[in-house]
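Trainee: Could you take me through one part of this model slowly, and then show me how it sits in the rest of the chain? I'd like to start with a single residue and work outwards.

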Amino acid sequence: MPCPALPDGFDFTDPDLLQARVPLPEFATLRRTEPVRWIAQPRRVSGFDDEGYWAVTRHEDVKYVSTRPELFSSYLNTAIIRFNESIQRDAIDAQRLIMLNMDPPEHTRVRQIVQRGFTPRAIRSLEDALRARARSIVGTALANADADGGFDFVTQVAVELPLQAIAELIGVPQADRSKIFDWSNKMAAYDDPEYAITAEVGAEAAMEIVSYAMNLAAARKECPAKDIVSQLVAAEDEGNLSSDEFGFFVILLAVAGNETTRNAITHGMHALLTHPDQWELFKRERPATTAEEIVRWATPVVSFQRTATQDTELGGVRIRAGDRVGVFYSSANHDPEVFEDPGTFDITRDPNPHLGFGGGGPHFCLGKSLAVLEINLIFNAVADAMPGLRLTGDPRRLRSAWLNGVKELRVSTG
């Protein structure tokens, strides 16, 4: 039966909605009454020449879609559920060069190459350097706080370690990290008028990243170094990435590895400070389960999409070939069929089969281990240097169709 509590015209990808809140009550209603529901949209409002998408809200169904790329394609319409309405179809199709928007077997080939940089050994080799960077970031924020000890946690702390980790991973000089930050912001913030970013500016930023990365790849081919770039591109004819493939991989790192982790860190700080018992527990015991609960709670990527490759059935609903299907990780991560008291922030939660790193399958987050490491390191550094940290304002949220983003979080050590 139709969901009675969902108003006509309600759209989970409305950027005005996500700027205000994550629609957890509406997700809960759909999970109970209509877990696979058609969400009508005006034609082209999301950049697609269709009339809407299927919203998939149960944990079980999100996993099903995620693990069956032969039925649900990332390539046909990309994984981005809503673009700016002014985007042209050729600009959407151009994004198929990014690994996020590929299907097997091409996705399998590229992932097998790039995952060399994300082995447990590769991540462990970064740990000491990133621990020192985390301490330095927090120390600098403390030193630069205003007279009352106040500062913006997003710009002074949360953004820095993910950027520095990416720079460390691929050998980008630290002096260039602000360029990557600026370009990735422009790519991801096209729905937020505060940034006055047009689709054209976002496309230009994407090409700046590609150009920068291609030049870096060319330099490493000419003169290999002991970094992941050299491993990925130095011998293209031996199964490595071409320079342009490496360029599009860096786009993925800039958004998937930067935007998501910094938002997890920001939401995690907000959650800890609004749950003082959890903050005291963290400072005292530093549970190894903390990062996973922060990612579940934050779910920085609210949703991605897939496109049905053939007529199929999901949750008792017939889905036609060509229909877009939105997988809502924020809903799945609050599914009471899977999580006890999902509305409770509990840094000791274990097991924690959340889908904040994806629903499994070929697109499970390649950088999960790095993200968990970064979250652990930054909160250890904050707890050591700023144990009395407190909130001084509400989060200012990003206007976005699919990111659970925060632009500003004012805090104080005073």
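Mentor: Let's begin with one asparagine, Asn-333, and then widen the view step by step.

Keep in mind that this is a predicted model. Find Asn-333 in the loop that runs between α15 (329-332) and α16 (368-385). Is Asn-333 buried or exposed? Its relative accessibility is 0%, so Asn-333 counts as buried. Now look at what surrounds Asn-333. If you skip the neighbours within four places in sequence, Asn-333 is in contact with Arg-296, Thr-299, Phe-339, Pro-342, His-354, Leu-355 and Gly-356.

For a contrast, jump to another loop residue. Lys-226 is in the loop between α10 (199-222) and α11 (228-233). With a relative accessible area of 91%, Lys-226 is exposed. Try finding Ile-170 from there: Lys-226 and Ile-170 are 56 residues apart in sequence, yet their C-alpha atoms are 9.9 Å apart in space.

Next, go back to α15, because it also helps to cover another helix. In helix α2 (residues 24-33), the buried residues are Glu-26, Phe-27, Ala-28, Thr-29, Leu-30 and Arg-31. What covers these buried residues of α2? The cover includes α15 along with the strands β1 (36-40), β2 (52-56) and β8 (324-328).

Now for the inside of the protein. In soluble globular proteins, nonpolar side chains tend to be buried together. Here the largest nonpolar core has 129 residues, and Phe-12, Phe-153, Phe-246 and Met-269 are those with the most contacts inside it. Which helix gives the most to this core? That is α12 (residues 243-274), with 15 residues. Pick out Met-269 and leave aside its neighbours within four places in sequence: Met-269 is in contact with Phe-153, Trp-279, Phe-379, Val-382, Leu-389 and Leu-409. Notice that Phe-153 turns up again, since Phe-153 is itself one of the residues with the most contacts inside the core.

Charged side chains are worth a look too. The count comes to 24 salt bridges, and helix α6 (residues 120-143) shows you how some of them are arranged. The side chains of Glu-127 and Arg-131 meet in a salt bridge, 2.8 Å from N to O. These two sit four residues apart in α6, about one turn of the helix. Arg-131 also forms a salt bridge with Asp-128, where the closest N and O atoms are 3.2 Å apart. Arg-131 and Asp-128 are three residues apart in α6, again about one turn. Why does that spacing work out? An α-helix has 3.6 residues a turn, so residues three or four places apart point the same way. As for how open these residues are, Glu-127 is partly exposed at 26% relative accessibility and Arg-131 is partly exposed at 27%, whereas Asp-128 is exposed at 59%.

Salt bridges can also link up: those that share partners join Arg-43, Asp-49 and Glu-51 into one network. Within that network, Asp-49 forms a salt bridge with Arg-43, with the closest N and O atoms 3.2 Å apart. Asp-49 is exposed, at 55% relative accessibility, and Arg-43 is partly exposed, at 46%.

What about the cysteines? A disulfide is a covalent bond between the sulfur atoms of two cysteines. How many disulfides does the structure hold? Zero. You can still check on two of the cysteines: Cys-223 is exposed, with a relative accessible area of 53%, while Cys-365 is partly exposed at 27%.

Finally, step back to the whole chain. There are 16 helices and 12 strands. Along its principal axes, the C-alpha trace spans about 55 × 55 × 40 Å. A compact globule with 414 residues would have a radius of gyration near 22 Å, and the chain has 21 Å, so the two agree. Buried residues make up 57% of the 414 residues. Among contacts with a separation of 6 or more, 72% are between residues 24 or more positions apart. On the outside, the chain exposes about 17100 Å², with carbon and sulfur atoms supplying 51% of it. So, back where we started: Asn-333, at 0% relative accessibility, counts among the buried residues.

Notes. Residues numbered from 1 in each chain as written. Predicted model: local features only at pLDDT ≥ 70, side-chain atom pairs only at ≥ 80, totals over all residues. Heavy atoms only, no water. Buried < 20%, exposed > 50% of the residue type's maximum accessible area, 1.4 Å probe, protein only. Contact = heavy atoms within 4.5 Å. Disulfide = S-S within 2.5 Å. Core = buried A, V, L, I, M, F, W, Y, C linked by side-chain atoms within 4.5 Å. Rg over C-alpha atoms; globule rule 2.2 N^0.38 Å. Areas by Shrake-Rupley, 256 points an atom, 1.4 Å probe, with all protein chains shown as cover. Salt bridge = Lys/Arg side-chain N within 4 Å of Asp/Glu carboxyl O.
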